[in-house]
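Welcome, and please take a moment with the sequence and the model before reading on. The report below is meant to be read side by side with them.

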Amino acid sequence: MILQALDAYYRRKQMDPDPSKRLPSLGLEDKEIPFVLDIDEDGRLINITDTRSGEGKKKVGQRFLVPQGVKKTSGVAANLLWDNAEYVLGVPDTKKLEENRKKGKENEYLIRLLEMQQTFRSRIDGLPVSVHEDAGIRAVLAFLDSFQLEVLAGLRVLADIQAANPIISFRLHGDLDLVCQRPAVVATTANQTEEVPDGMCLVSGAPAAIERLHPAIKGVWGAQTSGANIVSFNLDAFSSYGKAQGANAPLGKAAVFAYTTALNHLLARDSRQRIQVGDSSTVFWAEEPHELEGALLDLFGEPPKDDPDKNANAIKVLYESVASGQFSVGGPGTRFHVLGLAPNAARISIRFWETATAAELAQRIKQHFDDLTTVHAPHEPEYLSLFRLLTGVALLNKADNIPPNLGGEVMRVILEGLPYPAMLLNLAVVRCRAEQKPTYARAAVIKACLNRHIRFRKTAEKEFTPMLDPSNNNPAYRLGRLFATLERIQEDAAGGPGKLNATVRDRYYGAASSTPAAVFPTLLRLSKAHLGKLSAGFAITRERLIGEIMDGFDADTFPPRHLALPDQARFALGYYQQRQAFFAKTEPKTPEETQ
């Protein structure tokens with residue numbers, strides 16, 4: 001199903017009315033080529049064109065349609081008329097040379113370098129005789145016959161080439177296209193893909209020439225930089241019925257080219273149809289052009305620094321589309337596919353796969369943001385991206401500390417409309433307790449997890465509202481409110497928030513949220529001393545609030561000896577919302593604040 005959907009997407013992109021957005025035809029691939037050797041018809045080097053744009057390490061080379069690359073393993077295998085600097089020019093890679101020198105294998109590396117050059121030359125020599133008559137091919141062969149490394153000695157780009165071992169190709173001076181894009185070469189590449197059928201393709205259901213080795217998928221975060229595979233059989237244990245390699249999952253060459261080209265296009269660095277969620281590289285596409293195809297990145301991704309409202313604006317458009325049932329591009333019934341990929345040694349594992357209509361997908365995403373909605377400070381974002389959500393519950397708020405499977409699992413439950421994983425709630429509670437502070441992200445996670453649990457289990461418990469809910473009589477929620485009130489009274493007695501180096505929250509939050517009976521009697525006793533420092537009217541206001549909160553408790557069971565983890569979550573949410581309520585409404589000022 002996944003490969004069939006990717007094959008269909010490839011065929012859709014092949015028919016795109018905009019030629020610049022079409023995917024390459026069979027036998028070709030879209031490749032970033034940082035350096036182009038401009039040569040004349042006699043093979044003399046005129047210039048080395050640096051096609052890169054950007055600054056520093058973020059420089060990106062221009063992309064060209066070139067003959068499809070070969071699958072490289074530990075052996076020597078060259079591409080046709082383009083490859084890295086080792087193959088094309090015999091320029092040693094500085095890092096590899098130094099590593100081999102330390103191992104005492106410098107000579108072996110230099111011999112291998114010579115073999116690479118010879119293999120690159122052999123690929124060109126193997127072209128039909130008629131192609132050798134092309135002016136571009138003659139020029140390339142003449143260049144390779146006469147080239148010496150000393151020619152590059154005075155060029156500024158030599159250092160970049162030695163350090164990065166970049167992809168290099170050729171262009172005949174005065175042409176716009178590369179030599180590998182000349183009509184004679186392209187026609188030969190297309191003819192080589194036509195082979196006699198030797199099996200039944202699982203994607204098309206028709207007889208086809210079965211591909212033995214599938215091209216690598218690149219762009220999956222954490223996978224090998226040279227690429228990895230979804231379909232591969234490299235050990236006898238993976239094979240069956242005496243079949244070898246690709247014959248175990250027979251796919252025609254055309255289908256293999258289609259699904260790998262489509263997936264590499266979706267995973268490209270500049271793609272707007274991919275998002276990184278934890279360790280899961282997530283791509284999405286529709287069966288026909290649709291507004292959501294380009295919107296999901298804005299919905300879940302972190303907004304750019306130069307447009308901080310992009311995320312919020314995209315979500316507002318989504319809400320309007322769900323309300324009206326209409327999209328600016330595409331219909332509500334358009335089928336959507338979302339694929340989550342994660343690295344697994346030399347292969348790529350499927351973390352999740354979801355197919356739904358645009359209307360279903362939009363409704364589930366809207367429900368996700370509805371569940372997350374909670375009161376927050378004015379300077380905080382209206383909607384939380386997945387990155388902020390996951391880092392908010394991670395150790396030290398660092399992406400590296402997000403548990404490996406959590407990102408993909410959260411994305412899956414959002415798209416399928418299921419309850420959030422228990423790990424997400426556990427992490428939020430643990431971080432609140434460890435850092436003695438519920439934050440906006442953690443409170444949003446707690447509210448969303450609790451409400452979905454209530455909704456799916458159909459319990460009698462009342463769902464939590466985005467803002468403080470004085471009518472919610474849950475004991476743990478009210479304990480959190482009480483703790484926030486006692487902290488506020490302490491701050492009032494000291495002259496207002498920010499006057500104390502440490503409050504009761506810094507000292508007692510962990511114990512108060514897990515073993516209330518051990519802490520609250522002491523806190524209530526201390527609060528009377530703090531109330532004595534306030535003006536009579538202000539003290540009465542605070543005492544009345546304490547009375548309203550404690551009115552929901554059973555005198556025989558207050559304070560409870562222990563709170564289970566879900567109740568610790570309710571405690572954190574009650575504390576957070578009560579704390580936000582103190583800053584959201586106008587309150588009487590203490591005498592010290594009025595001075």
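What follows is a short tour of salt bridges, cysteines, one helix-end serine and the nonpolar cores.

## The model and its salt bridges

Please keep in mind that this is a predicted model. A search of the whole structure turns up 41 salt bridges. Three of them are described here, and a network comes after.

Let us begin in helix α1 (residues 2-14), which holds both Arg11 and Asp7, 4 residues apart, about one turn of the helix. The two form a salt bridge, with 3.1 Å between the closest N and O atoms. How exposed is each partner, Arg11 and Asp7? Arg11 is partly exposed, at a relative accessible area of 48%, while Asp7 is buried, at 11%.

## A bridge across the sequence

The next pair is Arg52 and Asp160, whose closest N and O atoms are 2.9 Å apart in a salt bridge. Which parts does this pair tie together? Arg52 sits in the loop between β3 (45-50) and β4 (62-67), and Asp160 belongs to helix α7 (residues 158-164), so the salt bridge links parts that are 108 residues apart in sequence.

Both side chains have some access to the surroundings. Arg52 is partly exposed, with a relative accessible area of 23%, and Asp160 is also partly exposed, at 32%.

## Helix α14 and a network

Helix α14 (residues 406-416) contains Arg412 and Glu409, 3 residues apart, about one turn of the helix. Their side chains meet in a salt bridge, at 2.5 Å from N to O. Arg412 counts as partly exposed, at 22% relative accessibility, and Glu409 is partly exposed as well, at 27%.

Some salt bridges share partners: Glu487, Glu491, Arg505, Asp506 and Arg579 are joined in this way into one network.

## Cysteines

How many disulfides does the model contain? The count comes to 0. For context, a disulfide is a covalent bond between the sulfur atoms of two cysteines.

Two cysteines are worth a look for their surroundings. Cys180 is buried, with a relative accessible area of 1%, and Cys201 is buried too, at 2%.

## Ser514 in helix α18

Ser514 lies in helix α18, which spans residues 504-514. Is Ser514 buried or exposed? Ser514 has a relative accessible area of 14%, under the 20% limit, so the residue counts as buried.

Which residues does Ser514 touch, leaving aside those up to four places away in sequence? Its contacts are Arg561, His562, Leu563 and Gln568.

## The nonpolar cores

The largest nonpolar core has 88 residues. Leu292, Leu299, Phe300, Leu424, Ile446, Phe483 and Phe520 touch the most other members. Helix α16 (residues 440-457) supplies the largest share of this core, with 10 residues.

Leu299 makes a good place to zoom in. Not counting residues up to four places away in sequence, Leu299 touches Leu292, Asn311, Ala314, Ile315, Leu318, Ile365 and Phe369. Leu292 therefore appears twice, as one of the core members with the most contacts to other members and as a neighbour of Leu299.

Apart from the largest core lies another one, of 44 residues. Leu97, Ile137, Ala139 and Leu152 are among its members.

Technical notes
Residues numbered from 1 in each chain as written. Predicted model: local features only at pLDDT ≥ 70, side-chain atom pairs only at ≥ 80, totals over all residues. Heavy atoms only, no water. Salt bridge = Lys/Arg side-chain N within 4 Å of Asp/Glu carboxyl O. Helix = DSSP H or I, 4+ residues; strand = E, 2+ residues; numbered from the N terminus. Buried < 20%, exposed > 50% of the residue type's maximum accessible area, 1.4 Å probe, protein only. Disulfide = S-S within 2.5 Å. Contact = heavy atoms within 4.5 Å. Core = buried A, V, L, I, M, F, W, Y, C linked by side-chain atoms within 4.5 Å.
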